[in-house]
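Reader: I am new to this structure and would like a careful look at a single part of it, the sheet, followed by whatever can be said about the surroundings of the ligand. Please take me through it step by step.

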Amino acid sequence: MREFHPPRRILLGPGPSDADPRVLTALSAQLIGHLDPEFLKVMDDIQTSLRSVFQTQNRLTIPISGTGSAGMEAAFVNLIEPGDTVAVCVNGVFGERMADIVTRCGGVLLRIDAEWGQSFDPGAIRKALKVLKTVPAKILAVVHAETSTGVLTPLSMIREVLSDFPDTLLLVDCVTSLGGHAVGIDAHRVDFAYSGTQKCLSCPPGLSPITVSPRAVEALRKRKEKVRSWYLDLSMVEKYWGDDRTYHHTAPISMNYALREALRLIEEEGLEKRWDRHRRNHLAFVAGIEAMGLEMLVKSENRLWSLNTVRIPEGVSDAKVRASLLQEFGIEIGGGLGPLKGKIWRVGLMGYSSHRNNVLLFLNALEQILCREGFRLKSGGAVDSAEKAYGACC
Ligand SMILES: *Cc1c(COP(=O)(O)O)cnc(C)c1O
């Protein structure tokens, strides 16, 4: 085999996003042992900083070894005992994945569906939960940022619905929101949240930060049977990350170096400034898209800042446009999934990738390609409109 040199890309898809160069440097440092006193300090730093990014005081806040889906599986396999009823809000691929995992864990699934591309009606969630007469649902699970559609589900709305169901635990997927949007874990009394390193945290894929409320920890302690996953059993994993520091499995050392540096970058930038950066780049992106005469899939009040979904105009080839973006401009974006296949483009502006240069480059590239494809652009000037959204005037 020859050496592998990855081509130069700009990752504006649904993930992974571009890693910050400082994170890549941290990743390449020499290994130390997973029980080395210096590594234990790295672990402490990660836990402290993760709490602030999750906006929580939860003691049990750690990165799970594995990608975002490992965090998802950890959440359900630890909280569910066979026969427990689990309500899952499904309006995209990741809600579907949650529902699949629930039944694999022996849970009784209560599905609450909304159309892909739309958020949930609180009345519909309340009505679905009320169907359970004697024992309330043990868990209500929602995807905060549905990466397959670009929809944000407000956690304040979900918390409000749960005021009628005080015993139900709230489980939230924050994979595409953590580091890009406020998550307010404590403010919304989220009991279990998980994320991933490769979306808005500007890190390669490989770790899944989770945070668990004291109430959920109590539920874990009260389990009647062992967790049906050895690797993800938090009662053992937490001993390594807690005071005992007993070996469970070898921590992915380099990925923890990387996550620590990614969190340090967030501290330097400031959480609020970082959310605002994601918001401003999203708004400029939308201004450019609409100036071209294209439409966003999601209503403005439900749009994610980290993942933008654009309707593919009639007569334009999805595959051709994405291939040109990649081959000519080195830009990766995502296509639609499930019922949205061939209907939308998914453009991620996450973490290090959420940058003005990327927004302007992408708009310009798309304009060029669409023009060549024969799509009659409204007035051109996408870049101009985006610049105006940034407050520039010429
Ligand atoms: C990407 C993603 C996941 C899964 O993460 P992987 O790193 O691909 O395992 C889960 N939920 C959401 C909302 C995601 O965007």
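Author: A good place to start, in what is a predicted model, is one pair of residues: V86 stands opposite L109, which belongs to β4. The strands concerned are β3, made of residues 85-90, and β4, and these two run parallel and are joined by six bridges. In general, the strands of a sheet pair through backbone hydrogen bonds, and they do so either parallel or antiparallel. Widening the view, β3 and β4 belong to an open sheet of seven strands, whose order is β2-β10-β9-β8-β5-β3-β4 and whose pairing is mixed. Because β2 (60-65) and β4 (108-113) stand at the edges and have a single partner strand each, one side of each is left without a neighbour in the sheet. Between neighbouring strands of this sheet the turn is 20° on average, with direction ignored.

Turning to the ligand, there are 14 residues around it, and those that come nearest are T67, S69, T147, D173 and K199. By class this shell has five nonpolar, six polar and three charged residues. Helices α3 (68-79) and α4 (93-104) each supply at least two residues of the shell, and the largest share, three residues, comes from α3. As for individual contacts, an N or O atom in the side chain of S69 is 2.6 Å from an oxygen atom of the ligand, while for the side chain of Q198 the corresponding distance to a ligand oxygen is 2.7 Å, and for that of K199 it is 2.7 Å. Taken alone, the ligand exposes 380 Å², of which the protein buries 89%.

Notes:
Residues numbered from 1 in each chain as written. Predicted model: local features only at pLDDT ≥ 70, side-chain atom pairs only at ≥ 80, totals over all residues. Heavy atoms only, no water. Near = heavy atom within 4 Å. Polar contact = N/O pair within 3.5 Å; in protein donor to acceptor, adjacent residues only side chain to side chain. Areas by Shrake-Rupley, 256 points an atom, 1.4 Å probe, with all protein chains shown as cover. Helix = DSSP H or I, 4+ residues; strand = E, 2+ residues; numbered from the N terminus. Nonpolar A, V, L, I, M, F, W, Y, C, P; charged D, E, K, R; others polar. Pairing = 2+ DSSP bridges. Axes fitted to C-alpha atoms, helices over the stretch in contact; angles between N-to-C directions.
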